[in-house]
Amino acid sequence: MKIMISIVTFLMLASFAVAQEYKGPVAICPSSDGAVLYVLNRDSAEIAVVDVATAAVLRSFQLPVIPNDMALAPDGKTLYVGLGEYQGKVVAVNTEDGAIRAEVTTGHTPTGITVSADGTRVYACLRFDTKVAEYDAASLTELRRMAALHEPIDSVITPDGKWLYVANFLPHDHSDGADVAAEITAILLADGSSKNIRLPNGSSSMHGIAISPDGKYVYTTAILARYQLPTTQLERGWMNTNGFSIIDAQNAEFVNTVLLDDVDLGAANPWPICVSPDNKKVFVGLAGTHELCIVDIEKAMEKLASMPHSADLVQDGASTTSTKTVEGVPQDLAFLVGMKQRIRLKGKAPRSIAVIGDQVYLGMYFDDTIVAVNTSARRPKAKEFVALGPKPEMTAARRGELYWHDASLCFQHWQSCASCHPDARTDALNWDLLNDGIGNPKNAKSMLFSISSPPAMWHGVRATAEVAVRTGFKHILFSVRPEQDYLDIEEYIKAMKPLPSPYLVNGQLSESAQRGKVLFESERLNCIQCHCGEHYTDMKMHDVGSRASYDSLDSFDTPSLNELWRTSPYMHDGRFVTVPEIFTTGMHGDVLGDVAGLSEEEVQDLSNYILSL
């Protein structure tokens, strides 16, 4: 028995040791003279300092907890790093010795770090607090917080310091509506006022944002989902297309969205983006297809300027059906023909990018390497620039995470599992999957605890999440994989951990949430009859009066309430943006309890409890 225990202990320790070897580069900052690359490794919680001339890691700075993003001060002496998740921090790291000279406790998951051109201000997106914080760069004293829209994930500031542009990761809409799209928040820094710039219908997973060196345009990557079509095929981007949007940075106005896909080959999961020093090219890392896309943005803007608007053609009495217009560009897979190149990279998942002169550097997340592409070459090719550590030996869960994000496993590479389930959660869109009939779209569900709380899908048409993984590859990615791939993905899903709710106070329920807990468990409301157990679900089908006009069945699987705060919009068809709406408008739970009798304060207490889970 002792020998068996020792073997098990050894295997557990060995697995832990392997996991610690991962680097996971998520941000790259070049020094102003181009001599050094600072690479932020999330998984190993460190900053690697890479010498560009010798392609060698000079030294590494260990960080106290996992980092999310970083930015370099204009004088090159300080790196500002967003650390941690719940009760995260922003720290100022000395670039010479890695010492932390200042820090501030901030909100939930500080990311999207940017520094003003004069070096006096630092900005951080507090992703799950839906805020953007401004700090004094010297002391990291917080100066103010400004509202974003939904999961602010990245930001850039105009060179004149006038505007801060914030990429909101997901839409914040009723997903049963006719137009559902992510938006960019443009903040006028003089007074903190803001406007939201809406992207085309179906825009979601807005991972990256960049500004041209001349300050004229902001570019942001996103998936452009065709979620209003039944999921019957993939050809020509029937389900998901992929591109970047162009914003007039001086006037905070939407210009257009262009697609990076080819007619018969998707460019899935566009992630990091940057602009060449001469403003002539835009570089996009395609994290799903493991490529660099180089776009001649000068030619693209010239083409846009020469195209007619639909309204102008109508005024002239001309038909718009056979003429390509500015409004039709987000649907045009051929718009960038002759203006873009796709370079196959060595490694998997470029999630970080930087440019020095004509060299583009990309951090390959699952390979722990930096690759380089000489973009001035007649035929640009990628080469491994530097290994950040020993070649990682992947665990089953790590391979499953890779497969989840790998669009090369999909027919024609249009999408990955992460296209509809970013972070294995939800894209905030409704999809008409054919596993329960046609014409009844439903919200994409989070995969958190899906394996331990069967059945799967809103109508429970898949007995388990394991079955759903296999049918998802067959009927959504239109491919069939070896059994081991599915098993690895299951390990990734099992390894998922919920994040602490931003509604907690010092890790505990607020007074309001405590009152809500009493209501939730009371005989008056009887919520726990269905939402019971570890995952707040009885794992059964119920008719609670939530059938909508497009639904074909009355009963739905009781959803887990874990991490509910992260899965807006709510109900199976995403009809409610906020939790209080579920009770005030939807009267959810009135079948079994006295929801109609709840006061305004009680609705808020109940909502605060559920949002704290």
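## Helix contact and internal cavities

In this predicted model, helix α4 meets helix α7 through Ala-396, Ala-397, Arg-399, Gly-400, Glu-401, Tyr-403, Trp-404 and His-405 on the α4 side, and through Gln-484, Asp-485, Asp-488, Ile-489, Glu-491, Tyr-492, Ile-493 and Ala-495 on the α7 side. Sorted by class, the residues of this contact comprise 8 nonpolar, 3 polar and 5 charged. Helix α4 spans residues 396–405 and helix α7 spans residues 483–495; their axes lie 7 Å apart and form an angle of about 100°. The two helices are therefore roughly perpendicular to each other.

The structure also contains 3 cavities of 30 Å³ or more. The table describes two of them.

| Cavity | Volume | Classes of lining residues |
|---|---|---|
| Largest cavity | about 80 Å³ | 5 nonpolar, 4 polar and 1 charged |
| Second largest cavity | about 40 Å³ | 5 nonpolar, 4 polar and no charged |

The lining of the largest cavity consists of Ser-205, His-207, Ile-223, Asn-269, Trp-271, Ala-287, His-405, Ala-418, Pro-422 and Asp-423. One of these residues, His-405, also belongs to the α4 side of the helix contact.

Around the second largest cavity are Leu-199, Ser-203, Ala-222, Ile-223, Leu-224, Gly-243, Phe-244, Ser-245 and Thr-257. Strands β19 (217–225) and β20 (240–248) each contribute at least two residues to this lining. Ile-223 lines the second largest cavity and is also found in the lining of the largest cavity.

Notes. Residues are numbered from 1 along each chain as its sequence is written. This is a predicted model: local features need pLDDT of at least 70, side-chain atom pairs count only at pLDDT 80 or more; totals for chains, interfaces and linings use all residues. Side-chain values use heavy atoms; hydrogens and water are left out. On a 1 Å grid over the protein atoms alone, a cavity is a set of points where a 1.4 Å probe fits but cannot get out, and a pocket is an open set with protein on both sides within 12 Å along at least five of seven lines; lining residues have an atom within 4 Å of a point. Grid points are joined across faces, edges and corners, and a volume is the space filled by probe spheres set on the points. Ala, Val, Leu, Ile, Met, Phe, Trp, Tyr, Cys and Pro count as nonpolar, Asp, Glu, Lys and Arg as charged, and the others, Gly among them, as polar. Helices (H or I, at least four residues) and strands (E, at least two) are DSSP runs, numbered from the N terminus. Axes are lines fitted to C-alpha atoms, for helices over the stretch in contact, and angles run from 0 to 180 degrees between N-to-C directions. Angles under 35 degrees count as roughly parallel, over 145 as roughly antiparallel, 65 to 115 as roughly perpendicular and the rest as oblique. Contact means heavy atoms within 4.5 Å.
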